[in-house]
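Ready for a few short exercises? Have a look at the sequence and the fold, then try each task before reading its solution.

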Amino acid sequence: MGYLIGLGVFVVAGILARVLIDYFSNRPDRLPEYSAEEVVSELNEAFGEKETIAFQIEETSVRALLNRLTESVGTGFSAKQVDTLLHRMTTHRVLEHEFASYPVSAGDFSCELDFQWIRSPDGTVRVGISAAGPVFESVKSVVEELTAEVEM
């Protein structure tokens with residue numbers, strides 16, 4: 001009978017040893033400590049202020065705008081999304097505020113590309129596009145080029 005108790009203690013000790021070995025071998029490494037300034041800097045970079053550009057464009061020029069944005073923004077704004085957004089911008093009800101948002105990236109920088117628009121009865125669309133950092137700079141240059149071409 002004593003050997004059964006000894007065998008039971010041996011089995012329980014073996015199971016406990018195995019659990020402890022698994023726990024300590026699979027434990028994640030401690031992450032380095034960051035200062036408050038480093039954390040705030042990282043958050044500002046990731047969730048920085050968005051800038052908005054607003055302009056009015058003819059309905060017939062909306063496709064050109066969206067195609068140029070696809071070329072200049074980088075990744076995340078595909079041809080399928082352009083077609084969907086074009087359809088929404090040119091067919092929804094007149095004088096109704098609409099919006100759409102797409103995650104995009106330019107190089108190492110990622111943000112949301114936000115569109116807001118209102119169709120007017122005279123065939124124009126009032127558009128506002130919001131983005132941050134280099135994505136906004138790309139949007140701004142496309143809008144300035146397109147509005148300059150329309151004014152000529």
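**Exercise 1.** Which residue takes a positive phi in the hairpin of β2 and β3?

Solution. Keep in mind that this is a predicted model. Start with the strands: β2 and β3 are antiparallel partners, joined by 10 bridges. Next, go to the turn of their hairpin, where two residues sit between the strands. There you'll find Gly107, with a positive phi near 70°. For a pair along the ladder itself, take Phe99, whose bridge partner in β3 is Gln116.

**Exercise 2.** Work out the order of the strands in the open sheet.

Solution. We've already got β2 beside β3. Now step on from β3 (residues 109-119): six bridges link β3 to β4 (residues 124-131), again antiparallel. One example is Asp114, which has Ser130 in β4 as its bridge partner. Put the four strands together and the order reads β1-β4-β3-β2, with antiparallel pairing. That leaves β1 (51-58) and β2 (97-106) as the edge strands, each paired on one side only. Going from one strand to the next, the twist averages 20°.

**Exercise 3.** Find which strands are touched by helix α3 and which by helix α4.

Solution. Take α3 (residues 62-73) to begin with: this helix packs on the sheet and touches β1, β2, β3 and β4. Its direction makes about 145° with that of β1. Then move to α4 (residues 79-91), which also packs on the sheet, with contacts to β2, β3 and β4. The direction of α4 makes about 25° with that of β3.

Key. Residues are numbered from 1 along each chain as its sequence is written. This is a predicted model: local features need pLDDT of at least 70, side-chain atom pairs count only at pLDDT 80 or more; totals for chains, interfaces and linings use all residues. Side-chain values use heavy atoms; hydrogens and water are left out. Two strands pair if DSSP finds at least two bridges between them. Axes are lines fitted to C-alpha atoms, for helices over the stretch in contact, and angles run from 0 to 180 degrees between N-to-C directions. Contact means heavy atoms within 4.5 Å.
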